[in-house]
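This briefing introduces one protein structure to a reader who has not met it before. Please keep the sequence and the model at hand while reading the points below.

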Amino acid sequence: MAPNKTHFLQIGSGDVGRVWGYRKRRAGGTTTPTSSREAKRKKKKKKRRRRTRGAPGWTACMTQRKGEKPTISIQEHMAIDVCPGPIQPIKQISDYFPRYPRGLPPAAPHQVGPVGALCSALSTSSAAASATAAAESDRPNEDKPDRACAGASASLQATKRDEEPDVEGYDSDDSTTLGTLEFSLLYDQENNALHCTINKAKGLKPMDHNGLSDPYVKLHLLPGASKANKLRTKTLHNTLNPVWSETLTYYGITDEDMVRKTLRISVCDEDKFRHNEFIGETRIPLKKLKPNQIKNFNNCLEKQLPVNKTEDKSLEERGRIMISLKYNTQKSCLVVGIIRCAHLAAMDANGFSDPYVKTYLKPDENKKSKHKTAVKKKTLNPEFNEEFCYDIKYADLTKKTLEVTVWDYDIGKSNDFIGGVSLGINANGERLKHWFDCLKNKDKKIERWHTLTNELPGSLND
């Protein structure tokens, strides 16, 4: 009893639980004292082993007591069949917004395959064709275009393209739907104006990550496209079916322009933090229009067409100018009127110009033919309404050339040349016609619009 008593003194007489645990272990041959918490933990493990002894994999889990967590060994876990089966393709956004060819309704739910959908849409012409299409649609494992509808192979290919668009790449190729644009054009011959009304667009190609776009429309006149003859609508945000109902007007359009010019209408997506993206375009030769008659269009947008790089850059348009000519027989002088300009090129950083006009009657031996208008501040469509007189005999007009130039006024540096035009016997087109009309009709004011080009007349350097 002496060793027991010694241990009682070492451990402490107040800790009965520890003494009992120690004495129990010593009776079993264990000399290491353990706490009551470890004893309880080992006791629970023994009970758990008795409960699960002899039970196969899932039996141990099914016979567990309420509130206890199931215990599954790593061997049992690896033996469980967790194969998800065949991997299904992830749905694209185009699956939720299907596109259909214009004029065809969406396919009925009971029809399977694009052939059945196409046949049901085209079978309204005859009852026999409808019965044949219904028979084909009831066979899900058969795809026989030769039995579907005669002459519908091209439409079938278009249907397949619309049902499965390439959303990620979405290159502007023939297999991509870019959308349609509705607009109307009117040429006002009396006022020399071309009115372009942009109505709406449908089914535009999504350009943003949210599957939508921020579209706007811009116009150019070809050839000679530049910032001077660009017009654009407002931007509509987060839509693929925008409605603008906006009219853009080109002033100074002559009959010559209507013969040789082409109107380019482009639809673009506006981005705040990067360059705007091109969606599609359509081009209308102005010679298709009849004067004073509205013509409506509903065109499919096409990918960007290449611009003719061989075009002479010296013919770049810089705006339009309206000039009036009149020979006064009483005063024996030529009256030149500078009425207005339109769509001038922007020469300043603020997107505008400070234009004024200079006129010369060449050849000018005494160098006294120079006249200059007032400066109009911060505008691209100035109105001058100023006239200048040149004392000259009527017979000498056939030897003269009138040169008109438009400049941008700058303070502290040289003025910028915007554009110019020459009228006389050495001119051609509308410029020559305007000069001859002045000679034929004395004492009558003849007004004409003329195109300004970036070619500086060489005679100005004399």
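Arg448 is partly exposed, its relative accessible area being 24%. The residue belongs to strand β16, which covers residues 446-453, and Arg448 takes part in a salt bridge with Asp437. The model is a predicted one, and the chain has a mean pLDDT of 74.

**Salt bridges**

- The structure contains ten salt bridges.
- In the pair formed by Asp437 and Arg448, the closest N and O atoms are 2.8 Å apart.
- This pair links distant parts of the chain, since Asp437 sits in helix α11 (residues 430-440) and Arg448 in strand β16, eleven residues apart.
- Asp437 is buried, with 15% relative accessible area, whereas its partner Arg448 is partly exposed at 24%.
- Glu256, Asp257, Arg260 and Arg320 are joined into one network by salt bridges that share partners.
- Arg274 forms a salt bridge with Asp271, where the closest N and O atoms lie 3.4 Å apart.
- Arg274 also forms a salt bridge with Glu277, and there the closest N and O atoms are 3.8 Å apart.
- Arg274 itself counts as partly exposed, at 49% relative accessibility.
- Of the two partners of Arg274, Asp271 is buried, with a relative accessible area of 13%, while Glu277 is partly exposed at 23%.

**An open sheet of four strands**

- Four strands make up an open sheet, and their order is β5-β2-β1-β8.
- The pairing in this sheet is antiparallel.
- The edge strands are β5, residues 243-251, and β8, residues 295-300; each of them pairs on one side only.
- From one strand to the next, the twist averages 20 degrees.
- Strand β1, residues 180-188, is joined to β8 by six bridges, and the two strands run antiparallel.
- Leu181 has Asn299 in β8 as its bridge partner.
- In general, the strands of a sheet pair through backbone hydrogen bonds, in either a parallel or an antiparallel manner.

**Cysteines**

- The structure has zero disulfides.
- A disulfide is a covalent bond that connects the sulfur atoms of two cysteines.
- Cys268 is buried, with a relative accessible area of 5%.
- Cys438 is likewise buried, its relative accessible area being 1%.

**Cis peptide bonds**

- The peptide bond that joins Leu222 and Pro223 is cis, with omega at about -5 degrees.
- Pro223 is located in the loop between β3 (215-222) and β4 (231-232).
- A cis peptide bond also leads from Lys362 to Pro363, and its omega is near -5 degrees.
- Pro363 is placed in the loop between β11 (355-362) and β12 (371-372).

**Positive phi values**

- Asn292 is a residue other than glycine with a positive phi, near 60 degrees.
- The loop between β7 (277-285) and β8 holds Asn292, and this residue is partly exposed at 49% relative accessible area.
- His343, also a residue other than glycine, has a positive phi near 55 degrees.
- The loop between β10 (333-342) and β11 holds His343.
- Is His343 buried or exposed? His343 is buried, with a relative accessible area of 10%.

**Confidence of the prediction**

- With the chain mean at 74, 60% of the residues reach a pLDDT of 70 or more.
- Residues 1-27 have a pLDDT below 50, and this stretch has 17 contacts in the model beyond near neighbours in sequence.
- Over residues 310-314 the pLDDT also stays under 50, and the model has six contacts for them beyond four places in sequence.
- Predicted coordinates should not be read in detail where pLDDT is low.

Definitions and conventions: Residues numbered from 1 in each chain as written. Predicted model: local features only at pLDDT ≥ 70, side-chain atom pairs only at ≥ 80, totals over all residues. Heavy atoms only, no water. Disulfide = S-S within 2.5 Å. Buried < 20%, exposed > 50% of the residue type's maximum accessible area, 1.4 Å probe, protein only. Pairing = 2+ DSSP bridges. Axes fitted to C-alpha atoms, helices over the stretch in contact; angles between N-to-C directions. Salt bridge = Lys/Arg side-chain N within 4 Å of Asp/Glu carboxyl O. pLDDT = per-residue confidence, 0-100. Contact = heavy atoms within 4.5 Å.
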